[in-house]
Amino acid sequence: MTSNVNLPLTGINVADFSWFGAGPICAEALAVYGATVVRVESESHMDGLRSVGPFPPGKFSPNVSGYFNNYNANKLGLTLNLNTEKGLQLAHRLAAWSDIFITNMTPRVIERWKLTYEELKKLREDIIAVYQPMQGFDGPHRDFLGFGAVLGPITGFNYLTGFPGRTPNGLGTNYPDYVINPMHTVTAIMAALRYRRKTGKGQRIELAQIESSVAALAPALMDYTVNGRIHERAGNRVPHAAPHGAFRCKDITIKTPFGEKQEDRWCAIACFDDDEWSNLRNALSDPEWSQDVRFVTHAARKQHEDDLEANLNEWTKPQLAEDVMAQLQAAGVPAGVVQNARDCVNDQHLRARGYYQYLEHPEAGHTAYDGSGFRLSKTPARFTSAANCIGEHNFQVATEILGVTPEEFAELVAEQVLY
């Protein structure tokens with residue numbers, strides 16, 4: 001692993017006992033800014049993302065999941081059997097080494113493994129212990145099970161996604177795991193590190209994922225508390241813009257491993273005020289329909305939004321989505337291609353900024369990783385190593401961090417404590 005000297009978190013040690021999304025993404029954010037992160041799993045209890053694709057062509061193993069690998073760069077991998085007494089002892093030794101302990105396991109599991117803050121404080125007085133229970137450590141639902149796919153519905157996101165009169169669509173992904181929960185946790189950790197630097201004291205961070213997630217719906221919650229009004233599903237529309245939606249463009253033909261196929265293409269277009277609407281009319285060469293009294297003001301456009309969208313679709317449909325975007329952006333109209341994964345990886349803007357980081361993995365090969373979500377001008381993130389294979393760093397962590405001798409290491413492997 002390349003040196004992390006001069007990065008802002010150099011010298012900070014992290015024990016990552018989390019899995020799936022919210023915890024590992026948070027720990028990776030610490031790792032790419034210099035922290036030494038040890039990722040703890042076991043062969044009998046691997047991170048579930050290791051079994052989820054995408055996988056490189058012709059390869060399938062717990063070490064090649066693009067889903068898992070993307071969230072675990074720059075980490076040392078340790079496989080530890082926590083259902084054994086010696087395994088728990090090593091876990092506690094790792095906690096004593098750590099400045100930060102992170103987990104998103106359920107409260108019951110944390111208590112069984114004696115990894116509560118009260119227990120960890122006995123091992124290291126100034127430890128910062130970070131917990132991400134789905135619904136918190138207390139309350140009637142403390143032991144409810146679930147992932148991001150459960151948080152979406154119970155925090156109100158799913159209710160708002162979809163079209164009027166239709167079934168809630170949901171977000172199509174475990175959205176809270178990827179954006180809200182991990183970055184709220186990183187922010188809390190930075191505050192706890194600052195507090196420790198000033199006082200010498202650690203503390204417990206409890207990030208109840210339900211609370212972290214529901215905070216993102218503040219406008220809808222405020223509308224209800226102030227006006228008694230419940231936001232309903234509105235498709236792509238919003239009250240303060242018209243048009244505001246995704247418009248069908250010219251289909252394209254793409255080559256796939258299974259032959260050619262037609263791919264539908266879309267461009268998102270929005271006008272938030274009359275100036276942008278005027279710019280859109282000019283970009284369209286001010287067609288007769290755009291001069292209709294039904295579209296003169298924002299209020300009128302909202303009242304006749306179906307007709308507005310139908311006319312605009314007639315203009316976009318024969319054109320390539322990229323051409324629509326370029327033409328409207330040049331005219332001062334907010335517009336963007338509705339990009340798929342292929343588009344994002346090949347996006348010329350993201351490429352020019354060097355967002356995606358390409359790392360060599362011993363089994364998965366040369367693969368892309370999401371870059372840091374933020375940039376520090378003096379100490380930018382540094383991606384130094386691909387995601388760890390199962391047990392890849394067992395010997396290194398055991399002997400260099402946990403103080404295990406080579407002879408003891410062999411015994412621990414034979415006893416299936418390190419496996």
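These are my notebook entries on one predicted model, from the whole chain down to single residues.

**Entry 1: the whole chain**

I began with the overall picture. The chain has 419 residues, and 45% of them count as buried. I found 19 helices and 13 strands in the chain. Along the principal axes, the C-alpha atoms fill a box of roughly 85 × 55 × 40 Å. For the accessible surface I noted about 21,300 Å², with 54% of that belonging to carbon and sulfur atoms.

Next I looked at contacts between residues at least 6 apart in sequence: 68% of these join residues at least 24 apart. I also looked up the charges. There are 39 positive and 48 negative ones, and their mean positions lie 3 Å apart.

**Entry 2: threonine 155**

Where does threonine 155 lie? I found threonine 155 in the loop between α6 (148-154) and α7 (157-160). Is threonine 155 buried or exposed? Threonine 155 counts as buried because its relative accessible area is 4%, and the cut-off for buried is under 20%.

I then listed what threonine 155 touches, leaving aside neighbours within four places in sequence: Ile210, Ser213, Val214 and Leu217. Closer along the chain, I noted that the side chain of threonine 155 reaches the backbone oxygen of leucine 151 at 2.5 Å. I also checked a distant pair: threonine 155 and asparagine 394 are 239 residues apart along the chain, and their C-alpha atoms are separated by 39 Å.

**Entry 3: arginine 124**

My next stop was arginine 124, in the loop between α5 (117-123) and β5 (128-131). With a relative accessible area of 18%, arginine 124 is buried, since buried means under 20%.

Which residues does arginine 124 touch, not counting those up to four places away in sequence? My list reads Ala95, Ala96, Trp97, Ser98, Asp99 and Arg196. For serine 98 I can add an atom-level detail: the side chain of arginine 124 reaches the backbone oxygen of serine 98 at 3.2 Å.

**Entry 4: a hairpin**

I turned to strands β8 (residues 252-256) and β9 (residues 259-263), which run antiparallel and are joined by 5 bridges. A hairpin of 2 residues takes β8 into β9. I also noted that threonine 256 stands opposite glycine 259 in β9.

**Entry 5: backbone angles**

Before going through the backbone, I reminded myself that most residues other than glycine have a negative phi, and most peptide bonds are trans. I wrote down some exceptions.

Two peptide bonds went into my list as cis. The bond from glycine 53 to proline 54 has omega near 15°, and proline 54 lies in the loop between β2 (36-41) and α2 (66-70). The bond joining alanine 242 and proline 243 has omega of about 0°. Proline 243 is in the loop between α11 (218-227) and β7 (244-248).

I then looked up positive phi values. Phenylalanine 20 is not a glycine, yet its phi is positive at about 60°; its place is in the loop between β1 (13-16) and α1 (22-31). Aspartate 286, also not a glycine, has a positive phi of about 50°. I located aspartate 286 in the loop between α12 (274-283) and α13 (298-303). Its relative accessible area is 28%, so I logged aspartate 286 as partly exposed.

Terms used. Residues numbered from 1 in each chain as written. Predicted model: local features only at pLDDT ≥ 70, side-chain atom pairs only at ≥ 80, totals over all residues. Heavy atoms only, no water. Helix = DSSP H or I, 4+ residues; strand = E, 2+ residues; numbered from the N terminus. Buried < 20%, exposed > 50% of the residue type's maximum accessible area, 1.4 Å probe, protein only. Contact = heavy atoms within 4.5 Å. Areas by Shrake-Rupley, 256 points an atom, 1.4 Å probe, with all protein chains shown as cover. Lys, Arg positive; Asp, Glu negative; His and termini not counted. Charge placed at Lys NZ, Arg CZ, Asp CG, Glu CD. Polar contact = N/O pair within 3.5 Å; in protein donor to acceptor, adjacent residues only side chain to side chain. Pairing = 2+ DSSP bridges.
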